[in-house]
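This report concerns the protein–DNA contacts and the internal packing of the entry shown here. Please keep the sequence and the 3D view at hand while reading.

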Number of protein chains: 2
Amino acid sequence: MSAPTVYDVAGQAGVSIATVSRVYRAPDSVRAGTRERVLEAARELGYVPSGNARGLASRNTRVLGLCFPDYADPDAEDPDGDYGDAELMLYSDEIIRGMERAARRHGYALLIAASLSEGPKSLVADVAGRVDGFAVLARTVPTEELEVISRRLPVVMLAGPREDAPLDHLDHVEVANFDGELALTRHLIADHGITRLAFVGSAEDSPDGEARFRGFQAAHLEAGLPVPERPDVRTRLTQAEGRQAVAELLDGGAELPGGVVFANDQMAVGALSELNRRGVRVPEDLAVAGFDGIPLGRLVTPALTTVRQPMRRLGEEAVDLLVSRLEDRDREPESRVLPVSVIRRSSCGCANGHDAVPDAASVTQS
Amino acid sequence: MSAPTVYDVAGQAGVSIATVSRVYRAPDSVRAGTRERVLEAARELGYVPSGNARGLASRNTRVLGLCFPDYADPDAEDPDGDYGDAELMLYSDEIIRGMERAARRHGYALLIAASLSEGPKSLVADVAGRVDGFAVLARTVPTEELEVISRRLPVVMLAGPREDAPLDHLDHVEVANFDGELALTRHLIADHGITRLAFVGSAEDSPDGEARFRGFQAAHLEAGLPVPERPDVRTRLTQAEGRQAVAELLDGGAELPGGVVFANDQMAVGALSELNRRGVRVPEDLAVAGFDGIPLGRLVTPALTTVRQPMRRLGEEAVDLLVSRLEDRDREPESRVLPVSVIRRSSCGCANGHDAVPDAASVTQS
DNA sequence: CGATGGATTGAAAGCGCATTCATCGTACGC
DNA sequence: GCGTACGATGAATGCGCTTTCAATCCATCG
């Protein structure tokens, strides 16, 4: 009745369970004839090795995990509404994809779990118990929990600043937010001669957003321009908010800047549509730039100048780090910063899309 | 050295391992004082229950799986290229998201595995051994393998026609491709008075594409128009191919149709850009419609009329089916067809976006 | 005051497979 | 021909946890 086990197969094939196991784990160590008999029996019985038993016996699961924050939207098939959290979703989707692929290459499967902030609890512990190692999107899991778990299991932190104090032994991957925004802003200032730029940022607790803003500041510093102390607007990273942010800027009465740099593409896209509605010409009246490099940015009019971050690679690097730590538990914690590239399209005043200027910013520090 | 186990915790807390286990499985059956002691010990030791051991002992993993085809693109961060397989990726992403959420609601984690067609082999067996049940995107896994595995484990087939013969005991979820395309085409014919329509379809072995084409045919039949025998063009479901498909249609010399129905949105979007380039006005000179309801469709100009299919719900339904079968292994196999809705936007000639006409097509047949 | 029964806790038996060690052949070498 | 060595296979043990089943404990009841 229940699923067939090694014992059943062994019986049917007239061998011991050790041999059955060997047929799957080390086929070459079993004589061809015997092997065939076992495989045939397995086929006949519909035998599928139990991952649990195997994992228990060999004390490793061959599964890697990923914990990411749940996207807000509770259920709603979202009729035709504003894809509010599309950005976030897209982001984790890409990481999932990157991890899945890299994991498979290394012979691992991928277990994913979105942790809803208010969740029952210890969802991490749940995945932690089932995998050989896992990645966590920054700010998804409470520090204390991670602290405990990471003592027993490789964990890599994704996107977000490198952790300090209790978690500084974790491997870590992020993209060059600072360098990217610096390069982008430098381009706007140096190549387009825009000296008054506004910055629309995210909440202060978004490490990515803050790093980007610092890059924005640095470009001003470098150019000898007055350094803005804080983003002109802080808001959520959605299209709707981007739309509203420009509205605020324009209605604010203050002098119109020469360009607006948004902390991400979603906002920038929203802003473009609002600007279009108001008859503000981009880039003539106002240059616009985003950050992320989402596909949509190429399709809007004018095409969006932005900084592309390799989200999928983020996932791949995470897997690399996990695998390498699985091989050597004691190596020094490593922090990787992935390079980003400025994509010059029309929204900043560049002719017509399509010249990506790779901006070397790959750093490996220990 | 190695990770702490129940024994360690039990020792530290001065209780038996049975009690430790109970603290996690049935907290109420342990006196509060004892429970605290155990929890404290666990915390101190950094104890995380082994999913494998637990699964083995309780013979269930509390994990659900999903097998989907790998998206072509091997590595390439795809500089700024044509997101060729974006459609497919988007598709599986949505399903993953839907399943993840539903699974979590039911207390399951989700294991995902993209099977590369040429892969080493039996990737399914691999996931099958680790989960309590799983979903398979149509045409991802060889029939024989599924046949064997599905004898031992709940499997639901996603998107694609219902399987026959050896696999007809599987649960199955798909969307109303036929009904959706029928409704859409009916709209073009009846409401916009377009009598000559072209259809750009996919390869013949795409069950979805074929079903859509049959819906397209049915609308002609219903309207008393000549029924096209085959799609005017068959090609891959990408933007680039869509672009080329219209080019073919226009350059073909034949009389220009009043409208073109594409088997999916990606192609339609590509076509729109090509038409725009050629100065063909949409919808005045040529109406255009897609299928899928991808977000991008709302953003192109003119906004794309299409049929929205609830991809995320596909994943949710799959989980429902799996869970319910886990509860009752013997219930009749069920086939669910999810309703789709025609989204009328500008590309077909409808005023301006935003009226979704839900098209009842939900059917549950056994 | 002893009996009775529910609440707790412990002892022990697996769950299905990997793996070490011992055993059994058999091809070779002398 | 017989000892030797290596390849193939079997027996047995344990991975870490769940789950009866039985043993205790203690409060309540007669």
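The following paragraphs treat the two DNA strands, then the nonpolar cores, a buried arginine and a sheet. The model is a predicted one.

**DNA strand D**

DNA strand D is surrounded by 26 residues, and the closest of them are A:Thr34, B:Val6, B:Ser21, B:Arg25 and B:Tyr47. Sugar or phosphate accounts for 62% of the atoms of DNA strand D that lie within 4 Å of the protein, and bases make up the rest. Polar contacts reach both parts of the strand. A polar backbone atom of B:Val6 is 2.4 Å from a phosphate oxygen, and a backbone N or O atom of A:Ser16 also has a phosphate oxygen of this strand as its partner, at 2.9 Å. B:Tyr7, in contrast, uses a polar side-chain atom, which lies 3.1 Å from a base nitrogen of DNA strand D. Two or more residues of the surface near this strand come from each of α2 (17–25) and α4 (51–58) of chain A, and from each of α1 (6–13), α2 (17–25) and α4 (51–58) of chain B. The greatest contribution, 5 residues, is made by α2(B). By class, the surface near DNA strand D comprises 13 nonpolar, 7 polar and 6 charged residues.

**DNA strand C**

Around DNA strand C there are 26 residues, with A:Val6, A:Ser21, A:Arg25, A:Tyr47 and B:Thr34 the closest. Of the atoms of DNA strand C that come within 4 Å of the protein, 63% belong to sugar and phosphate. Helices α1 (6–13), α2 and α4 of chain A, with α2 and α4 of chain B, each supply at least two residues of the surface near DNA strand C. Here α2(A) gives the most, with 5 residues. The surface near DNA strand C divides into 13 nonpolar, 7 polar and 6 charged residues.

Contacts of chain B with DNA strand C are listed below.

| Residue | Protein atom | Atom of DNA strand C | Distance |
|---|---|---|---|
| B:Arg22 | polar side-chain atom | base nitrogen | 2.8 Å |
| B:Arg31 | backbone N or O atom | phosphate oxygen | 3.1 Å |
| B:Thr34 | polar side-chain atom | phosphate oxygen | 2.4 Å |

**Nonpolar cores**

In soluble globular proteins, nonpolar side chains tend to be buried together. The largest nonpolar core in this model has 151 residues, of which A:Leu66, A:Leu158, B:Leu66 and B:Leu158 touch the most other members. Residues up to four places away in sequence aside, B:Leu158 touches B:Leu66, B:Ile95, B:Ala135, B:Val136, B:Leu137, B:Ala138, B:Val173, B:Leu314 and B:Ala318. A second core, separate from the largest one, holds 40 residues, including A:Ala113, A:Val124, B:Ala109 and B:Ala113.

**A buried arginine**

Strand β11 of chain B, residues 335–338, contains B:Arg336. Why does B:Arg336 count as buried? Its relative accessibility is 17%, and buried means under 20%. The side chain of B:Arg336 is joined to that of B:Glu334 by a polar contact of 2.5 Å.

**A sheet in chain A**

Chain A has an open sheet of 4 strands in the order β7-β6-β8-β9, with parallel pairing. Its edge strands, β7 (233–234) and β9 (287–289), each pair on one side only. Strand β8 (residues 259–262) runs parallel to β9(A) and is joined to it by 3 bridges. A:Val260 stands opposite A:Val288, a residue of β9(A).

Notes:
Residues numbered from 1 in each chain as written. Chains lettered and ligands numbered in written order. Predicted model: local features only at pLDDT ≥ 70, side-chain atom pairs only at ≥ 80, totals over all residues. Heavy atoms only, no water. Near = heavy atom within 4 Å. Polar contact = N/O pair within 3.5 Å; in protein donor to acceptor, adjacent residues only side chain to side chain. Nonpolar A, V, L, I, M, F, W, Y, C, P; charged D, E, K, R; others polar. Core = buried A, V, L, I, M, F, W, Y, C linked by side-chain atoms within 4.5 Å. Buried < 20%, exposed > 50% of the residue type's maximum accessible area, 1.4 Å probe, protein only. Contact = heavy atoms within 4.5 Å. Pairing = 2+ DSSP bridges.
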